[in-house]
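User: Could you walk me through the reasoning behind the labels used for this structure? I would like to see each value set against its cut-off.

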Amino acid sequence: MTTPLRLVAVGVSLAAAACAGSETPREERLDPARPAGFPEMAIPEENLLTEARFELGRHIFYDERLSANESQSCASCHKQELAFTDGEARPVGSTGEELPRNAQPLANVGYLPVFTWANPILRSLEEQARVPIFGDFPIELGATGNEEVILARFRGDLRYQGLFREAYPEDDDPITFLRIVEALASFERMLVSGDSPFDRYVQGLDDDALSPSAKRGVELFNSERCECYHCHEGFNFTTAVRTANGESSRTSFVNTGLYNIDGDGAYPDPNTGLFDLTDEPTDMGKFRVPTLRNVEVTAPYMHDGSITTLEDVIDHYAAGGRTIEGERAGEGSSNPYKDALVRGFDITAEEKADLIAFLKSLTDTTFLHDPRFASPFGRGTDARRSGDGR
Ligand code: HEC
Ligand code: HEC
């Protein structure tokens, strides 16, 4: 646990005490689900979680009117049945620009200390939500310059008038982008996934939840031969974790030897990892360790979606880094910035199947189909038309 975070947390709560938002009555507060073994989530004092905020955020998350040309919502790239990924290597934004990186899953996103694949300064869900809404490089929802048009859509919709009022009763005019990003963050904090066969097995609820093969896979995952558990550690299978008690002090960004295009460790532009922001040579190719929850449905894999199957992911680790021929050629295993824990190992075909059986046991079908997290507009329903109906 690091001291700086505690200091920040104290500063935040002092500031919040002075503003109206902190007067939210306690009984209205909503707590994210807390499966056995999950720590308490850090919820910012200045954006307390309530049922009304969650419900507002859920509506906005699924509403294409949030994009300037009304063609995309958050859910266009974050689909519930794919653990809120989109099945593409790299998604395309609302105006047709391709994004450089793979859409990330949103399960347990409320437990992350930093957001996106390689950005150490994007530290809250509220800040993160501004990126797809306002970002220009590349354009995702394209709100910049269209703010008033977008807000007018919500202001003119009876359903939203009620939703915003209930979520922020103390506001004279709650229909603002500040409240939009706060509500989105409230929705996202509720997206807890911890009811997979693996969870049911480790919680002692069902000894048969894991097949013998998956049980052998758990052993391999936690073995000194494979080393997976060092980076994909703990309840969310990543070193990147923040809880109500602070955050992990372990490095969350590592280079796994996916590329080595110049023989000196370079990753292809613009996906150079932390290096892109820090210019620190040793940060080349460092990406945040992803969760492995629901990994069966989040293909394709890695920051750029450049690995298609779990079999190929394991081959990459077994080789101690990926070797590519042709375009982007290079021997990732000799990348000088590669983490020492990615050193390669021998694995039989049967063991590979075991490891994959374990990874697939992290699929939480309850989460993937939970109606609480689904579109409130119903399948194929146009949010615009359902707006003033009920
Ligand atoms: C056009 C596709 C697209 C749209 C639309 C989109 N996202 Fe994303 N999302 C992505 C991609 C790609 C990433 C990874 C970004 C990166 O690493 O730079 C991402 C990352 C995230 C993350 C970070 C997850 C993590 O593990 O750190 C969150 C949270 C998120 N998106 C929420 C949202 C919300 C909320 C909206 C709507 C306001 C939204 N996204 C709209 C594609 C999209
Ligand atoms: C040194 C830390 C480290 C070790 C050891 C490690 N991983 Fe990873 N893992 C990462 C990072 C970082 C990424 C993302 C890399 C990137 O996109 O460039 C990743 C990505 C993955 C992905 C893709 C997830 C996604 O959503 O795209 C899977 C699956 C995976 N690892 C499984 C494993 C398995 C299985 C092992 C053991 C054989 C293992 N990892 C060992 C750090 C590690």
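Analyst: Happy to; the labels follow one by one. This is a predicted model, in which local features need pLDDT of at least 70 and side-chain atom pairs count only at pLDDT 80 or more, while totals for chains, interfaces and linings use all residues. Residues are numbered from 1 along each chain as its sequence is written, chains are lettered from A and ligands numbered from 1 in the order in which they are written, and side-chain values use heavy atoms, with hydrogens and water left out.

User: What makes H78 a donor of the iron atom of ligand 1?

Analyst: Donors are N, O and S atoms within 2.8 Å of the metal (3.2 Å for Na, K and Ca), and water is not among the atoms, so sites may look incomplete. NE2 of H78 is at 2.1 Å from the iron, so it qualifies, and it is the only protein donor. H78 lies in the loop between α3 (74-77) and α4 (125-134); helices are DSSP runs of H or I with at least four residues, strands are runs of E with at least two, and both are numbered from the N terminus.

User: How do you know that R288 has a polar contact with ligand 1?

Analyst: A polar contact is a pair of N or O atoms within 3.5 Å; within protein, one must be able to donate a hydrogen and the other to accept it, and residues adjacent in sequence count only if both atoms are side-chain atoms. A polar side-chain atom of R288 lies 2.7 Å from an oxygen atom of ligand 1, so the pair passes. For R101, the side-chain N or O atom is 2.9 Å from an oxygen atom of the ligand.

User: Why is N294 called buried, and what is its phi?

Analyst: Buried means under 20% relative accessible area, exposed over 50%, and partly exposed in between (1.4 Å probe, protein chains only). N294 has 0% relative accessibility, so it counts as buried. N294 has a positive phi of about 60° although it is not a glycine, and it is found in the loop between β4 (287-288) and α12 (310-318).

User: Why is E70 called partly exposed?

Analyst: E70 is at 24% relative accessibility, so it falls in the partly exposed class. Its phi is also positive, about 60°.

User: Which bond joins D269 and P270?

Analyst: A cis peptide bond, with omega about 0°. P270 is found in the loop between β3 (253-254) and α11 (275-278).

How values were computed: Contact means heavy atoms within 4.5 Å.
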